[in-house]
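Trainee: Please take one small part of this model and go through it closely. Then show me how it fits into the rest.

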Amino acid sequence: MHTTALTLIELGAILLFLGVLGRLAGRIGLSPIPLYLIGGLFFGQGGFIELQGVIEFSEVASEIGVVLLLLMLGLEYTAKELVTGLRQSWLAGIVDFVLNFTPGALVAVILGWGPVAALVMGGVTYISSSGIAAKVISDLGRLGNRETPAVLAILVFEDLAMAVYLPVLTAVLAGLSFAGGLGTVGISLLVVTLVLVIALRWGNVVSAVVDSSDREVFLLTLIGAALLVAGLASALQVSAAVGAFLLGIAISGATAENAARVLEPLRDLFAAIFFVVFGLNTDPMSIPPVLGFALLLALVTAVTKIATGWWAAGRQGIGRLGRARAGTALVARGEFSIVIAGLAVASGAVVADLAALATTYVLLMAVLGPVLARVAEPAMGLVDRLAGRRREGGTLRLPRADGASPEGL
Amino acid sequence: MNVIETRLPGIGVRREIVTGSGRRVGIVAQRDGDLDLIISKAGDPDACVASIPLTPDEAATIGNLLGSRQLVAQLTEEHRDLPGVSTRQFMIERGSPFDGHRLADTRMRSRSGASLVAVLRAGQVQASPTPDFTLASGDLLVVVGTSEGLDAAADILRNG
């Protein structure tokens, strides 16, 4: 068959299949990410249907998917939110990192995959899915809850941590020498700081440069700028994803909102292709051998994330129920775990089994997270009843109408 | 009154007060313009018993309903020395004959003898609106007059 025809047919079939999966996910109230991964496993290497024509396009498309995922993440937050978030939640952020990076790294070491794989798996288990967490919070009507800012602060910290982690990872994966690695990390830290300063001081200038009242012009300018910045960052070995993330942060205000609106459908398309391609490159037959470790990791890192949220919310004077809600809201892992694993697998610097472990782990956590968040309150009620404890919420220690000064919040 | 403002990164801003009865009541203003009315749970003040999405129209109307009582009470107090004069509020409903029309078009003063002293819109008070003030649905009109005059005003606003 003609190559173009084959490419179109395969691509169409895959997207149609993803559409069906997405509809199914919506029906049962699930994040579509695990289903996209399953879709990818179904096709491709070792799957039921081998694909040939679509590989070349989908590789590029999945790169664009990563760029758009990170660009949208950057657009979510203003530089001011990131800086205040960092100031308020650095301690919780560090606890989060230590508790959740360690299990992944340990498992990679136990499996004998070496230090590079440990760095990768640590990242995979560390980063919560801010997409799934935000959806859980708004679906369960928790925007007004007092523990929600603590949860969001941790997510903000994690996303900022990515801006440091990804360049380090890229340098290590590229096999740079220690000095060379330090160089790129230095460059990226400098660039991150510079972008934050620019975004804080002259965010409106950056926004004005890319802004346009014409949708078409705006879209082209945005995507062009994002790919250019991502490509340049990649050429400097800083990681394309981080370049896009920083551009997203630098764009602010109404321009950022419009940009998010214009880019959302494109992000959905290319990110879906990214997840599928990751699944495509994973051989389903390599999953059974790592299934035990994936289950173990899922169990351990669910507990460590709950502990993180529990502790962080407790510091804000939140009661037991709220602390349980905060912990479980953070459990889901998703898009960024796959981004990290995807970078590693694409570089060829880690064993192929890592893709299988990361896929299985994310499949488990993307499903487990929202479920745990829903059962957190009933489960706490049950625990309290079994322990014979009186059900208690937090106490309000807020300023009252009688003019007491506001403090602590 | 202390309004507690909490930034929700990536979502918007939450503004709330703590009532005398110890409940948190507030609004989450999402960045895309959506508003949520939140009310904390009695047993668990960290959680919310309700998080109700409001359209801008609905939010403005609730703001008017809550804000107008005070204004009416104040006006009633001021008119206490004038027997027979009272204060009443009328809502301009969607599809009302004066939705989108100028105040002058109602000719309320000449037809009923009652006078419009203020319009509440989106929680803001427009005192002594001029005849070319344009009415819109959701506006709450505060009218002062005799009880017959107020009945006539109600009839005008309802039926044109």
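Mentor: Start with B:Ile11, which sits in the loop between β1 (4-8) and β2 (12-18) of chain B. Keep in mind that this is a predicted model.

Is B:Ile11 buried or exposed? Its relative accessible area is 12%. The cut-off for buried is under 20%, so B:Ile11 counts as buried.

What does B:Ile11 touch, once residues up to four places away in sequence are set aside? Within chain B, the partners are B:Ala29, B:Gln30 and B:Arg31. From chain A come A:Leu143 and A:Leu152. B:Asp32 makes a useful distance check. B:Ile11 and B:Asp32 are 21 residues apart in sequence, yet their C-alpha atoms lie 8.5 Å apart in space.

Now step back to chain B. Chain B has 4 helices and 9 strands. Along the sequence, the order is β-β-β-β-β-α-β-α-α-β-β-β-α. The C-alpha atoms of chain B fill a box of roughly 55 × 35 × 20 Å along the principal axes. Chain B has 160 residues, and 40% of them count as buried. Take the contacts in chain B between residues at least 6 apart in sequence. Of these, 47% join residues at least 24 apart.

B:Ile11 touches chain A, so follow that lead to the interface. Here 32 residues of chain A are in contact with 28 residues of chain B. The two chains bury about 2600 Å² between them. Carbon and sulfur atoms give 55% of that area.

The polar side of the interface can be counted too. There are 4 salt bridges between chain A and chain B. One salt bridge joins the side chains of B:Asp44 and A:Arg325, at 3.0 Å from N to O. Between the chains, 9 residue pairs are in polar contact, with both residues at pLDDT 80 or more.

Which elements of chain A give two or more residues to the side that touches chain B? They are α3 (55-76), α7 (148-173) and α13 (320-329) of chain A. The most comes from α7(A), with 4 residues. By class, this side of chain A has 15 nonpolar, 9 polar and 8 charged residues.

Next, the cores. In soluble globular proteins, nonpolar side chains tend to be buried together. The largest nonpolar core in this model has 125 residues. A:Leu70, A:Val120, A:Phe275 and A:Ile340 touch the most other members. Look at A:Val120, leaving aside its neighbours within four places in sequence. Its contacts include A:Tyr165, A:Leu169 and A:Leu173. A:Val120 also touches A:Ile340, A:Ala341, A:Ala344, A:Val350 and A:Leu354. A second, separate core has 17 residues, among them B:Leu103, B:Leu141, B:Ala154 and B:Leu157.

Finish with a loop residue of chain A, to set beside B:Ile11. A:Trp113 lies in the loop between α4 (79-110) and α5 (114-126) of chain A. A:Trp113 has a relative accessible area of 14%, so this residue is buried. Not counting residues up to four places away in sequence, A:Trp113 touches A:Ala108, A:Val351, A:Asp353, A:Leu354 and A:Leu357. A:Leu354 is also a contact of A:Val120. As for distance, A:Trp113 and A:Leu73 are 40 residues apart in sequence and 31 Å apart in space, C-alpha to C-alpha.

Note on methods. Residues are numbered from 1 along each chain as its sequence is written. Chains are lettered from A and ligands numbered from 1 in the order in which they are written. This is a predicted model: local features need pLDDT of at least 70, side-chain atom pairs count only at pLDDT 80 or more; totals for chains, interfaces and linings use all residues. Side-chain values use heavy atoms; hydrogens and water are left out. Contact means heavy atoms within 4.5 Å. Buried area is the accessible area (1.4 Å probe) that two parts lose on being put together, summed over both. A polar contact is a pair of N or O atoms within 3.5 Å; within protein, one must be able to donate a hydrogen and the other to accept it, and residues adjacent in sequence count only if both atoms are side-chain atoms. Ala, Val, Leu, Ile, Met, Phe, Trp, Tyr, Cys and Pro count as nonpolar, Asp, Glu, Lys and Arg as charged, and the others, Gly among them, as polar. A nonpolar core is a set of buried Ala, Val, Leu, Ile, Met, Phe, Trp, Tyr and Cys residues joined through side-chain atoms within 4.5 Å. Buried means under 20% relative accessible area, exposed over 50%, partly exposed in between (1.4 Å probe, protein chains only).
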